[in-house]
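The exercises below ask you to read a protein model step by step, with the sequence and the structure side by side. Please try each task before you turn to its solution.

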Amino acid sequence: MQDRAFERGRGVATSRAGVAMLLAAGGVWAACGAGGCSKKSFLDPSVDGSGRWGRTPVSMPILTRIAAIEEEAGDIVEFSDPQPGDLVPLPTQYRLGQGDALRITLYDLIEANRAEVYEVEVDARGVIELPQLGRISVGGKTTEETVGVVQEAMKRFVTNPLASVVAVAQRQQTFNLIGAVDRPGPYFVPRANYRLLEAISAGGRYDNTADYVYVIREVSLTPQGAGDASSPDAPDRPRAAPEDLLKVIDDLAPPAPATPPPSPGAHSAQPAAFIAQPDGTPSNTGRAPVVDLPEEGRTRTAPDQNDATPGTTRWVFLNGKWTQVATQRPQGAAGDSLPEAEQDLVTQRVIRVPIKDLEAGKQSVNIVIRPGDVVRVPTPPFGTIYVGGQIQRPGTYSLPSTGGLTLQRLVHAAGGYAGIAVPSRIDLTRVVGKDREATIMLDGAAIANRTQPDVYLKPNDSVVVGTTFWALPLAIFRNGLRMSYGFGFVLDRNISNDLLGPPPVNQFGQ
């Protein structure tokens, strides 16, 4: 009889275990059979953002900007690729400029058979000052030309002047290295064939995780200026004086047509230079006007056309009319006769060089460094990302030095989603302006399933993983059907006795 009772109890326990197994199987069917374990899970929404698990490869872009909350700033600076002229060395004769330190030796100036040595620096106007000789303009001149100028000034005191000029510090022969390098600062350009790879290596170890290295170069817009160093045939000659430019204009002006002289008794209502053509425009006949012509924005008067004193003007026939131009810069208010600093029209060109091609030894990108260039190695982005909500390890995370931290990578780094997380509800808060931020909800499940593109995170981004009302009840029900290692089922102790009966005990009541 005891055996029958034992068999009957075992049968009841088996039937109750079968009921629990059927309930668990129904839950698994609802979770996997109906919705699909690899896509959407009704019972466990947190697994939706785990991955895609598709057999077909998918390629998706990664967004660098969220158009819904961020405005497109555009490229403030226009970049250019290396040109063939950037690879050509241009040996030029060094010309003195602002900040250059000179060592000038003057012989027999103060005392016979004695040398006087002076250490001077070229000021902002290109001028140096020597005892007894006064101020001498040396800006834009070579050392040989400076020797001639100094000796010319010495002729007032010495019959056979002798001088020497040595450029101790050539400030115009340097380039600047900035950015992610160990030793940023100015560096000397030792030779004409000095290349970009040598320039960035001069600063020690540099960050090669950036995509590009930038070379900022000044380009002169004046025809006779320094010109763009990228042009291989840029001549090395001093800038033309205003008088030379006027000669060029005179040469380009059309020749004056031959006009018969007026009859002695004839009188004209206007000077000979303004005899009208059939179309009503003045013709280039006779000498230049002897009086000022009314011109917009011009109030100064012109003396005789042959007067070449400082501050005077002359008449030039341009574009079918007489134009009054200055022949020389006017003197300063205090009567200073020193030449003013030349104001060249310059712009800048930004050359963008792929750093991977540069390190690989690609010759077409290893451009020549010119004096005055600024070489910038970009600094990798750095900052902090804030993560909260239904995530396994909330907190702060730093952007990696290599960059490229996306939303999906951040979730993996934070240990994945929590048990009641809903990956389709992720709030991303981003700073979009000064004292202004914007929030947008992203679908982490769609990103993991590769139906939406991932997003690059930026410094100070805040990521919050949300949940829903039904996530907690589903988690409680899901935990009540957990499967153990022995393929049994762990039930809550409050209902296990009702389903399976009291547990069996031994003869000792245990």
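**Exercise 1. Compare the span of helix H2 (residues 143–154) with the span expected for it, and then work out how its buried residues are arranged.**

Solution. Begin with the length: in this predicted model, helix H2 has 12 residues and reaches 16 Å from its first C-alpha to its last, which is close to the 16 Å expected at 1.5 Å a residue. Next, sort the residues by accessibility, taking under 20% relative accessible area as buried and over 50% as exposed. By this test Thr-143, Thr-146, Val-147, Val-150, Ala-153 and Met-154 of H2 are buried. Seen down the axis of H2, these buried residues fall within an arc of 125°, so they line one face of the helix. Glu-144 and Glu-152, on the other side of H2, are exposed. Finally, look for what covers the buried residues of H2: the cover includes strand S3 (101–107), strand S5 (127–130), strand S6 (134–137) and strand S7 (162–169).

**Exercise 2. In the open sheet of 6 strands, what is the strand order, and which strands stand at the edges?**

Solution. The order of the open sheet is S2-S13-S10-S14-S8-S9, and its pairing is mixed. Strand S2 (79–80) and strand S9 (185–188) each have a single partner strand, so one side of each is left without a neighbour in the sheet, and these are the edges. Now follow strand S10 (residues 212–220) to its partners. With strand S14 (residues 374–377), S10 pairs in the antiparallel sense over 3 bridges, and Ile-216 has Val-374 of S14 as its bridge partner. With strand S13 (residues 346–354), S10 also pairs in the antiparallel sense, here over 9 bridges, and the bridge partner of Arg-217 in S13 is Arg-349.

**Exercise 3. Which residues of the largest nonpolar core touch the most other members, and which elements give two or more residues to this core?**

Solution. The largest nonpolar core has 24 residues, of which Ile-385, Ile-391, Leu-410, Tyr-417, Leu-428, Leu-457 and Val-463 touch the most other members. Two or more residues of this core come from each of strand S15 (384–389), helix H6 (407–413), strand S17 (426–433), strand S18 (436–442) and strand S20 (462–465). To see the contacts of one member, take Ile-391: leaving out residues up to four places away in sequence, Ile-391 touches Val-411, Ala-414, Gly-416, Tyr-417, Ala-418 and Val-465. Apart from the largest core lies another core, of 22 residues, among them Tyr-118, Val-138, Val-165 and Ala-167.

**Exercise 4. Where do the buried residues of helix H8 (residues 471–479) fall when seen down its axis?**

Solution. First list the buried residues of H8, which are Ala-471, Leu-474 and Ala-475. Seen down the axis of H8, the buried residues fall within an arc of 100°, so they line one face of the helix.

**Exercise 5. Where do Asp-108 and Asn-460, each with a positive phi, lie in the chain, and how does each count by accessibility?**

Solution. Asp-108, a residue other than glycine, has a phi near 65°, and its place is in the loop between S3 and strand S4 (115–121). At 33% relative accessibility, Asp-108 counts as partly exposed. Asn-460 is not a glycine either and has a positive phi of about 70°, and its place is in the loop between strand S19 (454–455) and S20. At 45% relative accessibility, Asn-460 counts as partly exposed.

Conventions. Residues numbered from 1 in each chain as written. Predicted model: local features only at pLDDT ≥ 70, side-chain atom pairs only at ≥ 80, totals over all residues. Heavy atoms only, no water. Pairing = 2+ DSSP bridges. Helix = DSSP H or I, 4+ residues; strand = E, 2+ residues; numbered from the N terminus. Expected span 1.5 Å × (residues − 1). Buried < 20%, exposed > 50% of the residue type's maximum accessible area, 1.4 Å probe, protein only. Arc of directions from axis to C-beta. Contact = heavy atoms within 4.5 Å. Core = buried A, V, L, I, M, F, W, Y, C linked by side-chain atoms within 4.5 Å.
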